[in-house]
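This report goes through one protein model. It takes up cysteines, confidence, packing and internal space in turn.

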Amino acid sequence: MEKKSQHQSSSLIRKTDGEDFSDLNYESGFGNSFSSEAIDGALPRGQNSPLVCPFGLYAEQISGTSFTSPRKLNQRSWLYRIKPSATHEPFKPRVPAHGKLVSEFDKSNSYTTPTQLRWKPVDIPDSPTDFIDGLYTICGAGSSFLRHGYAIHMYTANKSMDNCAFCNADGDFLVVPQKGRLWIATECGKLEVSPGEIAVLPQGFRFAVSLPDGPSRGYIAEIFGTHFQLPDLGPIGANSGKNVILLHLGANGLAAPRDFLVPTAWFEEGSRLGYTIVQKFGGELFTARQDFSPFNVVAWHGNYVPYKYDLSKFCPFNTVLVDHGDPSINTVLTAPTDKPGVALLDFVIFPPRWLVAEHTFRPPYYHRNCMSEFMGLIRGGYEAKADGFLPGGASLHSCMTPHGPDTKTYEATIARGSKAGPYKITDTMAFMFESCLIPRICPWALESPFMDHDYYQCWIGLRSHFSYEEADNESDGELTMWDMEQRILCA
C-alpha cells in the first residue's frame with residue numbers, strides 16, 4: 001500500500017532546526033510503503049534514480065534486507081538528500097572508548113547464571129551525560145557479526161546530543177522510555193516519544209536524541225539480523241484449553257496497524273562544521289567528521305522507516321471464564337526465528353485490564369520457561385510483585401529459572417477467596433522482552449550497586465498449604481457447582 005504525505009503544499013517547506021518539535025506530522029500504518037516530501041515535487045516521478053533528481057538532490061537507497069529477500073519481507077527506502085551520507089572523513093575508534101556496549105556475547109565479556117536477578121531503578125547521573133554515553137548493555141545472546149541474536153540495554157541521560165548523530169550498524173533498536181520524553185530526529189523525520197510509547201529505530205538510520213524534560217531513563221531491546229513484525233492473530237497460547245470457544249483472535253485486536261506512526265520529511269540545510277557521526281559497529285563505537293547535518297533528506301519513499309507506537313492503544317485479550325492466559329496473548333511486536341512459533345525476541349506488555357476469571361488464581365502462575373524473560377516497569381506496580389519491583393527497575397528470569405508471584409501477592413490472592421469479583425488493574429504498564437536464546441549477563445550489570453541481592457527473599461516466605469485430610473474430606477463431600485461444571489466441560 002503506497003501512502004503519500006498530503007499535508008504539504010507548494011507554499012510550505014518543512015525546513016527546521018533539529019530542536020524544533022513544535023509541529024509534528026505523522027503517517028500511520030505498519031509495513032506500508034510510504035512517501036513524504038518536505039518540498040512539493042522533491043520526489044522523482046516514475047523512477048527511483050533519475051539522471052538528475054528534482055532540486056539537484058542526491059538519490060540514496062537504504063536497504064534493511066538483502067536485495068533478493070522475498071517481496072513480502074523486502075524492506076528498503078529511497079532518500080533524496082542535499083548531500084549523500086558517504087560525504088565524511090574516515091571512521092576512527094571513538095576516544096575515549098565506551099566500554100559498556102556488547103554485541104557479541106561469549107565468556108570473554110559476559111557471564112551466565114540461573115539465579116533470578118532483579119535491579120532497582122538506576123539513578124540519573126550527576127555529570128553531563130547524553131543518550132550515547134548513558135547507554136549500557138545488561139545482557140544478550142548471539143552475535144551481530146553472525147546476524148543472529150539480541151542485546152538488552154538500558155539508558156540514563158541528562159543532556160541532549162549536541163552536534164552529533166548516532167547510527168547503529170548492528171541491529172534494530174526498540175526504545176522504551178520510562179522517564180522523560182525523547183525528541184528523536186531521524187533521516188525520515190522527527191518522533192516525539194513519551195513514557196508509555198515506544199519507538200523502533202531500524203538498523204543503519206542516523207538519529208539524534210534530545211531531552212525536553214531533562215533527566216531521562218529507559219530500556220532498549222536490540223535485535224540482530226531480522227526486524228520486528230506484528231504477531232499473527234491466530235495462536236492464543238498453550239493454556240487455552242476448553243475455556244476458549246474460538247482458537248483464533250480474528251482480524252482485530254492487539255496492536256492495530258493503523259496506530260503505528262511514521263515521521264514525515266523535514267530537513268536541515270547549511271554548514272555544520274565538526275558534525276560527528278557516531279557509529280556502533282560490532283558493539284564498538286567509531287566516529288567520523290563531516291561539515292553538514294545528516295538530517296538533510298528533503299523527500300523519501302519506501303517501507304524501511306523509523307516508527308512509534310502508543311501502548312495505551314493496545315487492545316488486550318484475557319480469560320473470560322477460568323485460568324490465567326499465557327503472556328503471548330499480549331504480544332505487541334515479535335522478531336521471529338525460522339522455527340514456527342519461536343521468537344528471537346517478543347515484546348509483550350501487561351497493560352491496564354479487567355480480571356474476571358472465576359475460581360482462578362488470577363496473578364501470573366508459577367513458571368519455569370524454556371524461553372528467557374527480561375521484565376521492566378514503566379509506571380505503577382506489577383500484579384505479581386507486591387514489593388520491590390519499581391518503575392525503572394528490571395528483572396531477568398533465564399531459561400528454566402523458577403519464578404512467579406511473591407509471598408505477599410500469593411497470600412493476598414488466596415485470602416480474597418474464590419468469591420472475588422471482577423476488578424480492573426489500573427495505573428500500570430509493565431513489559432517483557434522474551435527470547436528463545438539464553439542470555440549472558442554483562443559484568444557491570446552483575447556488579448551494579450542497584451542489583452537487588454535480596455530478590456530471592458520474596459519467595460522464601462511461601463509456606464506449605466498442603467493438607468491431605470482436607471483434600472480427602474472434600475472428595476467425600478457433595479459435588480460443588482465448580483466440580484459439576486468441570487465434569488461437563490471434560491465430557
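## Cysteines

Cys370 has a relative accessible area of 48%, so the residue is classed as partly exposed. Cys315, with a relative accessibility of 38%, also counts as partly exposed, because the partly exposed class runs between 20% and 50%.

The model, which is a predicted one, contains zero disulfides. Cys370 takes part in no disulfide: the nearest cysteine sulfur belongs to Cys399 and is 6.5 Å away. The cut-off for a disulfide is a pair of cysteine sulfur atoms within 2.5 Å, so the 6.5 Å between the sulfurs of Cys370 and Cys399 does not qualify.

## Confidence

Averaged over the chain, the pLDDT is 90, and 88% of the residues score at least 70. Residues 1-12 have a pLDDT below 50; this stretch nevertheless has 32 contacts in the model beyond near neighbours in sequence. For residues 240-248 the pLDDT is also below 50, and that stretch has 13 contacts beyond near neighbours in sequence. Where pLDDT is low, predicted coordinates should not be read in detail.

## Nonpolar cores

The largest nonpolar core comprises 67 residues. Leu174, Leu333, Phe347, Phe374 and Phe433 are the members with the most contacts inside this core. What does Leu174 touch, leaving aside residues up to four places away in sequence? Its partners include Leu333, Phe347 and Phe433. Leu174 also touches Ile198, Ala199 and Val200, as well as Tyr219, Ile220, Ala221 and Phe228.

Another core, of 32 residues, lies apart from the largest nonpolar core. Among its residues are Phe21, Phe131, Leu135 and Leu182.

## Pocket and cavities

The largest pocket holds about 1100 Å³ of space. Its lining consists of 38 residues, and those nearest the pocket centre are Thr65, Leu73, Gln75, His227 and Gln229. By class, the lining of the largest pocket has 16 nonpolar, 16 polar and six charged residues.

How many cavities of 30 Å³ or more does the structure hold? There are five. The largest cavity contains about 330 Å³ of space and is lined by 27 residues. Nearest the centre of this cavity lie His324, Pro327, Phe350, Pro364 and Tyr382.

Definitions and conventions: Residues are numbered from 1 along each chain as its sequence is written. This is a predicted model: local features need pLDDT of at least 70, side-chain atom pairs count only at pLDDT 80 or more; totals for chains, interfaces and linings use all residues. Side-chain values use heavy atoms; hydrogens and water are left out. Buried means under 20% relative accessible area, exposed over 50%, partly exposed in between (1.4 Å probe, protein chains only). On a 1 Å grid over the protein atoms alone, a cavity is a set of points where a 1.4 Å probe fits but cannot get out, and a pocket is an open set with protein on both sides within 12 Å along at least five of seven lines; lining residues have an atom within 4 Å of a point. Grid points are joined across faces, edges and corners, and a volume is the space filled by probe spheres set on the points. Ala, Val, Leu, Ile, Met, Phe, Trp, Tyr, Cys and Pro count as nonpolar, Asp, Glu, Lys and Arg as charged, and the others, Gly among them, as polar. A nonpolar core is a set of buried Ala, Val, Leu, Ile, Met, Phe, Trp, Tyr and Cys residues joined through side-chain atoms within 4.5 Å. Contact means heavy atoms within 4.5 Å. pLDDT is the predictor's confidence in each residue, from 0 to 100.
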